Amino acid sequence: MPRFSANLGFLYPELPFLDRLEAAACDGFRGIECLFPYDVPAAQLRARAGANGLDVVLINAPPGDWAAGERGLASLSDREPEFRGSITRALAYAHEVGAPRVHVLAGLLDARADRAAAVERFEVRLRWAAEQAAQAGITLMIEPINPHDMPGYLLQRQDEAHAIVERVASASLKVQMDLYHCARVEGDVVEQVRRWLPTGQVGHFQIAGAPDRHEPDIGTLDWRGSLAAIDQIAAATGWDGWVGCEYRPLRGAVPGGTSRGLGWMETG
Ligand SMILES: O=C(O)C(=O)[C@H](O)CO
Ligand SMILES: [Mg+2]
């Protein structure tokens, strides 16, 4: 089985954020990932992770005004200074907590906007951001996200993301392949893993059941096949990344609900 990290934006929702680290460690996780940890001083997160023997494997860069509906700044016109500030802040935070990956959200495309121009802006900004990341020894991620969960998101398909990574041509930019989004948009997830992981351009995986984003074994996702493909290709190529558990536990806020739903890991 691959290494799993606990996405603390989704798992253990009944606990205060910092207490989720101990719960994850008790459940056997060795890595955690966060959506937007910026309300917590980096020193506190680093200390809790260290005390629980956890690596912080991924954080997201600040996405703009999330409450107002923004989902990233990287492709938005007239937001370059804010975008650059978000990257600087994310890289500094990631450095302090020892996170080797930062996910950069692309942003929403207005229905009347020119997609080609937005993609061009995205690439120009990623090129700059990847240079900053390289200096910090951090790898940036871009992630295709399905339009049911995030209508209008610029990046929805694996081939679009990989084409951008190829054009930006920096070793510090990779694709975050979320098997849940991939299942909802592209269907045959195992085939997509087999197509893209050997390219060396996948930096991180995430997993959830489809179509409801609960535990991977709830729904139609071929999670066993996907994880077996990751294992097989990792053994052949030396890929040593993580698979983030980014799902809403079916038992939601019931105390212990996340832990009780982890049985799929044993049966994979
Ligand atoms: O939504 C996802 O799948 C993510 O991974 C983002 O980081 C949060 O929107
Ligand atoms: Mg994801």
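**Exercise 1.** How many helices and strands does the secondary structure of the protein chain come to?

*Solution.* The model is predicted: local features need pLDDT of at least 70 and side-chain atom pairs count only at pLDDT 80 or more, while totals for chains, interfaces and linings use all residues. Residues are numbered from 1 along each chain as its sequence is written, and chains are lettered from A and ligands numbered from 1 in the order in which they are written. Step one is to take helices (H or I, at least four residues) and strands (E, at least two) as DSSP runs, numbered from the N terminus. The count then comes to ten helices and eight strands. The radius of gyration, taken over C-alpha atoms, is 17 Å, close to the 18 Å that the globule rule gives for 268 residues, so the chain is as compact as a globular protein of that length. That rule is 2.2 Å times the number of residues to the power 0.38.

**Exercise 2.** Determine which residues surround ligand 1, and their classes.

*Solution.* A residue qualifies if its C-beta atom, placed from the backbone, lies within 6 Å of the molecule. The residues found are L35, N60, H103, E143, I145, D178, H181, Q206 and E246. Sorted by class, they comprise two nonpolar, four polar and three charged residues. Here Ala, Val, Leu, Ile, Met, Phe, Trp, Tyr, Cys and Pro count as nonpolar, Asp, Glu, Lys and Arg as charged, and the others, Gly among them, as polar.

**Exercise 3.** Locate the residues that UniProt lists for "active site", and describe their surroundings.

*Solution.* The unreviewed UniProt entry lists E143 and E246. They span 104 residues in sequence, yet no two of their C-alpha atoms are more than 13.1 Å apart, so they gather at one spot. E143 lies in the loop between β5 (139-142) and α5 (158-168), and E246 in the loop between β8 (242-245) and α9 (257-260). For burial, 20 or more other C-beta atoms must lie within 10 Å of a residue's own, with 12 or fewer meaning exposed and values in between partly exposed; C-beta atoms are placed from the backbone. E143 has 23 such neighbours and counts as buried; E246 is buried with 25. Contacts (C-beta atoms, placed from the backbone, within 7 Å) come next. Leaving aside neighbours within four places in sequence, E143 touches H103, Q176 and D178. On the same basis, E246 is in contact with N7, F10, D178, Q206, I207 and A208.

Conventions: UniProt positions renumbered as here; feature names shortened; annotations may be inferred. Contact = placed C-beta atoms within 7 Å.
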